[in-house]
Amino acid sequence: MPAGEPEDDERSGGALVTSPAGRVRKIIHIDMDAFYASVEQRDNPELRGKPVAVGYPEARGVVAAASYEARKFGVHSAMPSVTAKRKCPELIFVPHRFDVYRAVSRQIQAIFAEYTPLIEPLSLDEAYLDVTENLKGMQLATEIAEEIRARIRAETQLTASAGVSYNKFLAKIASDQRKPDGLFVITPKHGPDFVQALPVKKFHGVGPATAEKMKGLGIETGADLKSRDLVFLQQHFGKSGPYFYWIARGIDEREVKPDRIRKSIGAEDTFREDIHELEAARAGLKPLIDKVWHYCEASGIRGKTVTLKVKWADFTQITRSKTIIAPIASAAEMGEIVELLLSPIFPPAKGIRLLGVTLSSLDQVDDRSEPQLALAL
Ligand SMILES: [Mg+2]
């Protein structure tokens, strides 16, 4: 599990040099389309359909993001504003609003968190999700990715593209294949071939300087890279050598590392009609307990603290917690603790709008021992 793992250079983990483990993972890379520029076009209808650059037009200004209309003129992020203006004279510059982008980022993170706690953000608008095990118990990562894209569109009026694959490297490449507003899947069967055909400068982890150096060594495609042995790659690229060696084969064992150590696993539900009866509250909590417990079982994580959250019809809320000495060992046990927290609030003075169950004081009790055999992405 990522929590507590020693930090190392993400391209040089020792695990990459040894042969890859057998477990098939389901990784999604979500990437918002032309993020800052799209937010500006969303909030100002006059900018829609027009070439927009987020940034300042001053002599030393740099484009922070370009709308798709601007990209058609060859304008892209990190380009000097002067160059951008020359390429596209009608380019509209708008100042950035990072507070708004951060707020949208929190919205999409909240959507991700409903599916998995294993979220590794790369920036405000991009993240890896490990959904091999997920809070919804869904089999297909592709279905999860489509749901997430639909939710992002509904809740933010913005589009995101998704890449689905069996490792981070390929998921990131996949999200780029059908932009904007697209989804692409790279299966274990096609991964190695897919990499062969790609130019190495498209690889995550190969920056412009490395791409130049590779070109000098006659390496321009994945196939070129694959034809070089590990010793050669280590000689020329040091610690990154093994990473390049394995990605050329479609292999990348890097874990999805959440930026925060996971502190809780939770599920909640807003009811169509406010709840007043204890029986109805129990019925509403049952699937939430099952969801949390399923995730515990699948991930080998256990917890000692159960928290019940109650949001009332007037939107005020309370939480009630109980911590036990030994980690909770079953859904039934979690249900009993929830019951202890729930029954004292009945009969309630007002209707219940939402109930939530969260497990915290977490510990990893075992490794995920059995490899998942569900190969479909
Ligand atoms: Mg993006």
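Two strands count as paired here if DSSP finds at least two bridges between them. I start there since strand pairing comes up several times in this talk. By that rule, strand β9, residues 264-275, pairs with β12 in the antiparallel sense, over eight bridges. One bridge to look at is the one at S264, whose partner in β12 is S360.

Before going on: this is a predicted model. Please keep that in mind for everything that follows.

First, the overall picture. The protein has 377 residues, and 45% of them count as buried. It contains 14 helices and 12 strands. The C-alpha trace spans about 70 × 55 × 30 Å along its principal axes. Take the contacts between residues at least 6 apart in sequence: 65% of these join residues at least 24 apart.

Back to β12. This strand also runs antiparallel to β10, and 11 bridges join the two. Within that pairing, T307 has T358 of β12 as its bridge partner.

Next, the helix by these strands. Helix α14 covers residues 331-342, which makes 12 residues. From its first C-alpha to its last it reaches 16 Å, close to the 16 Å expected at 1.5 Å a residue. Which residues of α14 are buried? They are M334, I337, V338, L341 and L342. Viewed down the helix axis, these buried residues fall within an arc of 140°, so they line one face of α14. The other side of α14 has A332, E336 and L340, which are exposed. As for what covers the buried residues, the list includes helix α13, residues 278-299, and the strands β10 (301-312), β11 (317-323) and β12 (352-364). So β12, which pairs with β9 and with β10, is also part of the cover over α14.

After α14 the chain enters a loop that leads to β12, and P347 is found there. The peptide bond from F346 to P347 is cis, with omega near -5°.

Now to another part of the protein, an open sheet. Five strands form it, in the order β5-β6-β1-β7-β8, and the pairing is mixed. Its edge strands are β5 and β8, the latter being residues 183-185, and each of them pairs on one side only. On average, neighbouring strands in this sheet are turned by 15° against each other, ignoring direction. As a reminder, strands of a sheet pair through backbone hydrogen bonds, in a parallel or an antiparallel way. For β5 and β6 the sense is antiparallel, over four bridges. One of the residues to find there is S123, whose bridge partner in β6 is E126.

A helix lies across this sheet. It is α7, residues 168-175, and it lies across β1, β5, β6, β7 and β8. Against β7, residues 160-165, α7 runs at about 145°. The loop between α7 and β8 holds P180. The peptide bond from K179 to P180 is cis, with omega near -10°.

Now the metal. Which protein residues are the donors of the magnesium ion? They are D31 and D125, each through OD, and M32 through its O atom, and they lie 2.2 to 2.3 Å from the ion. Along the chain, the donors follow the spacing D-M-x92-D. D31 lies in strand β1, residues 27-32, while D125 is in the loop between β5 (119-123) and β6 (126-130), so the pair ties together parts that are 94 residues apart in sequence. Are these two residues buried or exposed? D31 is buried, with a relative accessible area of 10%. D125 is buried as well, with a relative accessible area of 14%.

Last, two backbone details. A78 is not a glycine, yet it has a positive phi of about 75°. A78 sits in the loop between α3 (68-71) and α4 (81-87), and it is exposed, with a relative accessible area of 61%. Q157, also not a glycine, has a positive phi of about 60°. Q157 is in the loop between α6 (141-156) and β7. At 55% relative accessibility, Q157 counts as exposed.

To close, two places to look at again. One is the magnesium ion with its donors D31, M32 and D125. The other is α14, with its buried residues lining one face.

Notes: Residues numbered from 1 in each chain as written. Predicted model: local features only at pLDDT ≥ 70, side-chain atom pairs only at ≥ 80, totals over all residues. Heavy atoms only, no water. Donors = N, O, S within 2.8 Å, 3.2 Å for Na, K, Ca; no water. Buried < 20%, exposed > 50% of the residue type's maximum accessible area, 1.4 Å probe, protein only. Expected span 1.5 Å × (residues − 1). Arc of directions from axis to C-beta. Contact = heavy atoms within 4.5 Å. Axes fitted to C-alpha atoms, helices over the stretch in contact; angles between N-to-C directions.
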